[in-house]
Amino acid sequence: MRTSLFSIALAGSTLLSLAACSSKDAVDDTATPEDTGEPTNTPIEAPDAGDSRDEAMAVEFDQDEGYFAVDDGLINPAGDRDFYAFQGVAGQGYGFWAQSYYFYEEVLADTVLRIWDETGTEPLFTNDDMPFRMWETDSAIFFEPTVDGTYYVEILDWSDWLDDEYAAEGGSDKEYALVGFLVDPTETEPNDDADDVETWWVDADEDGTKDVFVFSGSLADGYAQFHGNMEFSGDNDLFPLEFEDDGTASWCQFGTWPDSSNMNAEFTLYNEYMEPVAQSTDTDVKPQWFGFYDAGITYRVPEEGGVYYLGVADVDENEGAGTFYSGMNVCWTYNDDPDNPGATLEPFETETNDSAGEPNELGFNESDNTENYYYAWLYGNLEDQDPGDWMWVKDSDVGGSLEGKYLNVHLASATLGSLLDPEVTVYSFDPSTGTTAELATAVPAEAGADHDYEVVDLVLGDESQLVIEISGDSAAIDEANNWISLVTVYDEPSTEE
């Protein structure tokens, strides 16, 4: 599936375009700008940066090229911290990237990057690993000052950042390069409604379709970044997207770069008729894993593709300096089955599955690491006319018996940005009579979980089959009601008494 996120700077990631700013194997230092098409590489060569704000190494952005690069960063000895000072201007966006894995393709310096002001006792922003682990443990962050002043970039090792949990590490191999770059919004105001962004559609490869960025293949196909500001109170920034019809559905994620904004962002995904199909105010990309990374919106774009719009607003209606945001769009597809070319491995529901008598079978797998631990995923969409979506758990799927085992059901909806308000119920099922008996109803998960409802450690009896019903209040727009379920069966409870 191909998808386009239309803004003036989305022919790839900002970070990837800055990879050539540092000289570690990324650029031929003997080449001229005319040879490479890149800015002249002018890295800073200086002694090791100071280990406090008072001893910080001063760095300066080249206003013509828009970046600086420090090539000789080193976390040595253990517990070493490097500080770099720069003059920040209110309303100007800045990006910083600590490159290590990018060069060596192994984790040497596992960096953490923090931003400080002159007097604060706590960092303003922190990044451990980039969203989606784009360059493994390399860290990067975006930042926009609210006032002019001196600001500081700190780089330390992850082991040091965790304080007492691990002994701080350091050494002569803990090398990194620090790249800083100026970042401007990729939006063009006004972009508050579909009419405003009609002129953004671009046929970049002149093949008769509207595309500037392509996603294809399997996991982590690609990603695009987009940046914006809240220009006025109540501003809504709209980004148009088009997904091509190539017969393959994709799960697309939209989120903000974690800990990189002073505002309370809200994402809304609209269909081509500007009807909301997903919405979230928890927009940061997090490393939790529930089928996918935990992002603001995780949305299944159907096989036929279509036109969508991503709206970005601030719940608190802030405006001006400090409201800069960095957004990310990643799409995931499933590999074709090598034994059945063209067949998808996506565990998506099949209709009809609207009653206990016609549930979807769950494709359980046994864990490679834990004997007798069985798990299954199923994704679905509760259309407004559906009385419910049903799933099936059979003793033959989980080692031959359910008796004495523990069932867990986790369901994500709002955490995906879905507008579905679900209910989850577990029943025993007698296929000979078609009757059910209720065993448990899901309860809300704890705050901060990567799912919304759960049945935890339900002790099973001598029934040979179960069915699980997903029902509830669905939004009027059918495509707004996505859900993801994880069902596990194991000999032992998942929680301690």
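In this predicted model, 30 aromatic pairs are present. One of them joins F61 and F68 in an edge-to-face arrangement. The ring centres of F61 and F68 are 5.1 Å apart, and the planes meet at 70°. Both F61 and F68 are buried. These two residues also belong to a wider group. One aromatic cluster takes in F61, F68, F86, Y94, F96, F125, F143 and Y151.

A further edge-to-face pair is made by W251 and Y379. Here the distance is 5.1 Å centre to centre, with 75° between the planes. This pair links distant parts of the chain. W251 lies in strand β13 (residues 250–256), and Y379 lies in strand β25 (residues 374–381). The two residues are 128 residues apart. W251 has a relative accessible area of 0% and is therefore buried. Y379 has a relative accessible area of 3%, so Y379 is buried too. The cut-off for a buried residue is under 20% relative accessible area.

Two basic side chains were found over aromatic rings. The charged end of R300 sits over the ring of F348. Its distance from the centre of that ring is 3.6 Å. K394 lies over the face of W392, with 4.7 Å to the ring centre.

The backbone was examined next. Most residues other than glycine have a negative phi, and most peptide bonds are trans. The model contains exceptions of both kinds. A cis peptide bond joins N76 to P77, with omega about 10°. P77 is placed in the loop between β3 (67–74) and β4 (82–88). Another cis peptide bond connects E189 and P190, where omega is about -5°. P190 is in the loop that runs between β10 (175–183) and β11 (222–228).

Positive phi values occur at R133 and at D259. R133 is not a glycine, yet its phi is about 50°. The loop between β7 (125–127) and β8 (139–143) holds R133. Its relative accessibility is 33%, so R133 counts as partly exposed. D259 is likewise a residue other than glycine, and its phi is near 55°. D259 is located in the loop between β13 and β14 (265–270). Strand β13 also carries W251 of the aromatic pair with Y379. With a relative accessible area of 32%, D259 is partly exposed. Partly exposed residues fall between the 20% limit for buried and the 50% limit for exposed.

The largest pocket has a volume of about 400 Å³. Its lining comprises 20 residues. Closest to the pocket centre are Y299, R300, P302, E304 and E479. R300 thus appears in two settings: it is among the residues closest to the pocket centre, and its charged end sits over the ring of F348. Strands β18 (297–301) and β19 (306–314) each supply at least two residues of the lining. The largest share comes from β19, which gives three residues. By class, the lining of this pocket holds eight charged, six polar and six nonpolar residues.

Conventions: Residues are numbered from 1 along each chain as its sequence is written. This is a predicted model: local features need pLDDT of at least 70, side-chain atom pairs count only at pLDDT 80 or more; totals for chains, interfaces and linings use all residues. Side-chain values use heavy atoms; hydrogens and water are left out. Rings of Phe, Tyr and Trp (its six-membered ring) pair if their centres lie within 6.5 Å; planes under 30 degrees apart count as stacked, over 60 as edge-to-face and the rest as tilted. Buried means under 20% relative accessible area, exposed over 50%, partly exposed in between (1.4 Å probe, protein chains only). Helices (H or I, at least four residues) and strands (E, at least two) are DSSP runs, numbered from the N terminus. A charge sits over a ring if NZ of Lys or CZ of Arg is within 6 Å of the ring centre and within 35 degrees of the ring normal. On a 1 Å grid over the protein atoms alone, a cavity is a set of points where a 1.4 Å probe fits but cannot get out, and a pocket is an open set with protein on both sides within 12 Å along at least five of seven lines; lining residues have an atom within 4 Å of a point. Grid points are joined across faces, edges and corners, and a volume is the space filled by probe spheres set on the points. Ala, Val, Leu, Ile, Met, Phe, Trp, Tyr, Cys and Pro count as nonpolar, Asp, Glu, Lys and Arg as charged, and the others, Gly among them, as polar.
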